[in-house]
Amino acid sequence: MNRAKNIIGIGKHIVRMEAAAVAALEQLMDDQFEKAVEMIFSCKGRVVISGIGKSAIIAQKIVATLNSTGTPAIFLHAADAIHGDLGMVQEQDVVILVSKSGESPEIKMLLSFIRGFGNPLIAMVGNLQSVLARQSDVVLNTTIDQEAGTSSMNSLAPTCSTTVQLVMGDALAITLMEMRGFSSDDFARFHPGGTLGKKLYLRVQEVYIHNEQPQVTPETALREVIIEITSRRLGATAVTDEEGRLLGIITDGDLRRLLEKEGLHPGLKAKDIMTTKPKTVEPEALAIEALDLMRVHDITRLVVTSGNQYLGFIDLNNLIREGII
């Protein structure tokens, strides 16, 4: 038990240290952050981000976030840069070098070449006295008091420093996104695959058309209603008039409740058991909006209508198959 408490205690201590480092970052953000954002915003090329070691991994994540939020960016590993990849840097690009110390041999060598190219240079650095900080046009201060750990021996691995770099990168990306007026439609264009993309672009009309369209009239006998619901395999049927206008809905739940209370009388018709004013959704609505309606009303299907014209059904199983849930 004591061992378990100690494990949890260490874990919580590390979380507190990293949270404190992120909280302190807010006080380090000054006009240099504004200059960095303006420099990137006005850039006619791309943002080239480089680093070495753990900072290189953070640089890759920042590149991914920038690209997905409307700011073209590429990753350049500092070690590869000095062995031929410097050709990736074009004349109109802005370069960001990410480093805790600002004194790594690869960073200092890359810094020299970038300065020679004349590209605008932003340092994301934790040492303001470093060569990198002194020779950059803009300095994003990611200084930390210490890395996370319970002693000097286990505070050596980059933890707080990389977390702070990551947050600074997010702050850059999202600020730029706001300045560009980047919308959910833009985001969807850059994320067409997977669950995220589908939530942003998949519409009801792309889903319901693959379903059957169960439909009866108000005068349809109960036996025929049951056959329609069973054969169409959607657990419900719409009740419409001769012009296809929606009048109501009958679900298999309605039938079960009727059976429990009154039994299935031969003379019953659709109009006797239908629920009027069922929940509906327009075909142009996003599929995620249909899911929200189902959740709010605690139901598993919606009638798809255009105006009051019955078109079909969309149900929870459709959304599960599409990966929306």
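Is Asp31 buried, partly exposed or exposed? I looked this up before anything else. Asp31 has a relative accessible area of 42% and is partly exposed. I note here that I am working with a predicted model.

**Entry: the Asp31 pair**

I followed the side chain of Asp31 to its partner. Asp31 forms a salt bridge with Lys35, at 4.0 Å from N to O. For Lys35 I read a relative accessibility of 42%, so I put Lys35 down as partly exposed. I then checked the spacing: the two residues are 4 apart in helix α2, which means that about one helical turn separates Asp31 from Lys35. The general rule behind this is that an α-helix has 3.6 residues a turn, so residues three or four places apart point the same way.

**Entry: other salt bridges**

I took the total next and found 15 salt bridges in the structure.

I looked at Asp170 and Lys61, whose side chains form a salt bridge at 2.8 Å, N to O. Asp170 belongs to helix α7 (residues 160-180) and Lys61 to helix α3 (residues 54-68), so this salt bridge ties together parts that lie 109 residues apart in sequence. I recorded Asp170 as partly exposed at 27% relative accessible area. Lys61 is partly exposed too, and its value is 33%.

I also looked at Arg256 and Asp252, which meet through their side chains in a salt bridge of 3.9 Å, N to O. Helix α11 (residues 252-261) holds both Arg256 and Asp252, 4 residues apart, or about one turn of the helix. Asp252 is partly exposed, with 29% relative accessibility.

One further group I noted is a network of salt bridges that links Glu212, Glu228 and Arg232.

**Entry: the parallel sheet**

In what order do the strands of the open sheet run? I traced 5 strands with parallel pairing, in the order β2-β1-β3-β4-β5. At the edges I found β2 (73-77) and β5 (138-141), each of which pairs on one side only. The average turn between neighbouring strands of this sheet is 20°, direction ignored.

I stepped through the pairing of β4 with β5. Strand β4 covers residues 121-125 and is joined to β5 by 4 bridges in the parallel sense. Ile122 has Val138 of β5 opposite to it.

Then I asked what packs on this sheet. Helix α2 (residues 31-41) does, with contacts to β1 (47-51), β3 (94-99), β4 and β5. The direction of α2 makes about 125° with that of β5. Helix α5 (residues 105-117) also packs on the sheet and touches β1, β3 and β4. For α5 I noted an angle of about 165° between its direction and that of β3.

**Entry: β7, β8 and β9**

I moved on to the antiparallel strands. How many bridges join β7 to β8? There are 5, and strand β7 (residues 236-240) runs antiparallel to β8. Within this pairing, Val239 has Gly248 of β8 as its bridge partner. The two strands form a hairpin with 5 residues between them, and Gly244 in the turn takes a positive phi of about 85°.

β8 also pairs with strand β9 (residues 275-276), in the antiparallel sense and over 2 bridges. There I matched Ile249 with Thr275 in β9 as bridge partners. I checked how covered β8 (residues 246-251) is: 5 of its 6 residues are buried, which is mostly covered.

**Entry: helix α13**

Which residues of helix α13 (residues 287-297) are buried? I listed Ala287, Ile288, Ala290, Leu291 and Met294. Viewed down the axis of α13, these buried residues fall within an arc of 155°, so they line one face of the helix. Just after α13, I noted Asp298 with a positive phi of about 55°.

I picked out Met294, which lies in helix α13. Its relative accessibility is 2%, and the cut-off for buried is under 20%, so Met294 counts as buried. I listed its contacts, leaving out residues up to four places away in sequence: Ile299, Thr300, Arg301, Leu302, Ile314, Asp315, Leu316 and Leu319. As a last check I took a long distance: the C-alpha atoms of Met294 and Ile144 are 47 Å apart, with their positions 150 residues apart along the chain.

Technical notes:
Residues are numbered from 1 along each chain as its sequence is written. This is a predicted model: local features need pLDDT of at least 70, side-chain atom pairs count only at pLDDT 80 or more; totals for chains, interfaces and linings use all residues. Side-chain values use heavy atoms; hydrogens and water are left out. Buried means under 20% relative accessible area, exposed over 50%, partly exposed in between (1.4 Å probe, protein chains only). The arc is that of the directions from the helix axis to the C-beta atoms. Two strands pair if DSSP finds at least two bridges between them. Axes are lines fitted to C-alpha atoms, for helices over the stretch in contact, and angles run from 0 to 180 degrees between N-to-C directions. Contact means heavy atoms within 4.5 Å.
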